[in-house]
Amino acid sequence: AHSEFTVSSVFVSDKYPSFVSILRDHGYFTAFLDSADGGFTNWSMWVRRWYEQFGDLMTRDDKVTIKALGDLILERRKQNQPYAISAITTSNHIPFRVPEGGIQPPENAEAPERIKYTLRYSDDQLKALFERLDQNDALSNTVFFILGDHAYSLDEVPNESGIGGNYDTLRYNVVW
């Protein structure tokens, strides 16, 4: 269920700057933390071009990625340097398994229910990040953008493909 034809055509030129590369050029520290395998999606080449630092964490546990994000934020604040740090988490992604330490779904839960549990796990890790930053007086003068790259059907989208509603939703309007 992974696109095989749009990845290479998404960025048609290697000359364009990105929002973050413009910030980098104006003195911001820039870092990208990737829980997934950036080589799989072919984006590591772009990330390495635009960001100063690329952390290819290759983990299915959002706790690892969110902790690394917090570490970078606290380090940059100590250095009094503006920063733009992006992080991609993967706990709430196929195959929707809650890492150890998280609230586990019932045994034999179907994908729509497992999605809710992995989303809860991701939310819990973000809560821990904000609590940590608050305890270290690191929330002021910081803007957070929390986005999703796509959604999965929780059975509200008809399954016309035969692949399975949860694996083919990029073709539907579920990115709310």
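Which residue in strand 3 does F32 stand opposite? The legends below refer to a predicted model, and the answer, S86, belongs to the view of strand 1.

**Figure 1. Overview of the predicted chain and its order of elements.** The chain holds 6 helices and 3 strands. Read from the N terminus, these elements follow the order α-α-β-α-α-β-α-β-α. The chain has 176 residues, and 36% of them count as buried. Its accessible surface comes to about 11,400 Å², with 52% of that area belonging to carbon and sulfur atoms. Taking contacts between residues at least 6 apart in sequence, 58% join residues at least 24 apart.

**Figure 2. Confidence along the chain.** The mean pLDDT is 80, and 72% of the residues reach 70 or more. Among the elements, helix 5 has the highest mean pLDDT, 95, and helix 1 (residues 7-10) the lowest, 48. The pLDDT is below 50 over residues 6-10, a stretch with 4 contacts in the model beyond near neighbours in sequence. Residues 162-176 also have pLDDT below 50; beyond near neighbours in sequence, this stretch has 27 contacts in the model. Where pLDDT is low, the predicted coordinates should not be read in detail.

**Figure 3. Strand 1 and its two partner strands.** Strand 1 pairs with strand 3 in the parallel sense over 6 bridges, and F32 stands opposite S86 of strand 3. Strand 1 also runs parallel to strand 2, to which 4 bridges join it. A31 has Q53 of strand 2 as its bridge partner. In a regular strand the side chains alternate between the two faces of the sheet. Here F29, A31 and L33 point one way, while T30, F32 and D34 point the other way. Strand 1 is largely enclosed by the rest of the structure, because 6 of its 6 residues are buried.

**Figure 4. Helix 5 and the elements that cover it.** Helix 5 spans residues 62-78. Its 17 residues reach 24 Å from the first C-alpha to the last, close to the 24 Å expected at 1.5 Å a residue. The buried residues are D62, T65, I66, A68, L69, G70, L72, I73, L74 and R76. An α-helix has 3.6 residues a turn, so residues three or four places apart point the same way. Cover for the buried residues of helix 5 includes strand 1 (29-34), strand 2 (53-56), strand 3 (83-88) and helix 6 (111-135).

**Figure 5. The loop around T59 and the start of helix 5.** T59 sits in the loop between strand 2 and helix 5. Its relative accessibility is 16%, so T59 counts as buried. A polar atom of the T59 side chain lies 3.0 Å from the backbone nitrogen of D61. A side-chain oxygen of D61, in turn, reaches to within 2.9 Å of the backbone nitrogen of K63 at the start of helix 5. Apart from neighbours within four places in sequence, T59 is in contact with S35, V64, T65 and T90.

**Figure 6. R76 and the end of helix 5.** R76 is in helix 5. With a relative accessible area of 10%, R76 is buried. Setting aside neighbours within four places in sequence, R76 is in contact with F29, Q81 and Y83. F29 is a residue of strand 1. Just after helix 5, N80 takes a positive phi of about 55°.

**Figure 7. Helix 6 and its buried residues.** Helix 6 has 25 residues and reaches 36 Å from its first C-alpha to its last, close to the 36 Å expected at 1.5 Å a residue. Buried in helix 6 are A111, P112, I115, T118, Y121, S122, Q125, L129 and L133. What covers them includes helix 5. Just after helix 6, D137 takes a positive phi of about 50°.

**Figure 8. L139 in the segment after helix 6.** L139 is partly exposed, with a relative accessible area of 31%. Not counting residues up to four places away in sequence, L139 touches R77, F130, L133, D134 and F144. L133 is one of the buried residues of helix 6. L139 and I73 are 66 residues apart in sequence, and their C-alpha atoms are 9.7 Å apart in space. I73 is among the buried residues of helix 5.

Definitions and conventions. Residues numbered from 1 in each chain as written. Heavy atoms only, no water. Expected span 1.5 Å × (residues − 1). Buried < 20%, exposed > 50% of the residue type's maximum accessible area, 1.4 Å probe, protein only. Contact = heavy atoms within 4.5 Å. Polar contact = N/O pair within 3.5 Å; in protein donor to acceptor, adjacent residues only side chain to side chain. Areas by Shrake-Rupley, 256 points an atom, 1.4 Å probe, with all protein chains shown as cover. Pairing = 2+ DSSP bridges. pLDDT = per-residue confidence, 0-100.
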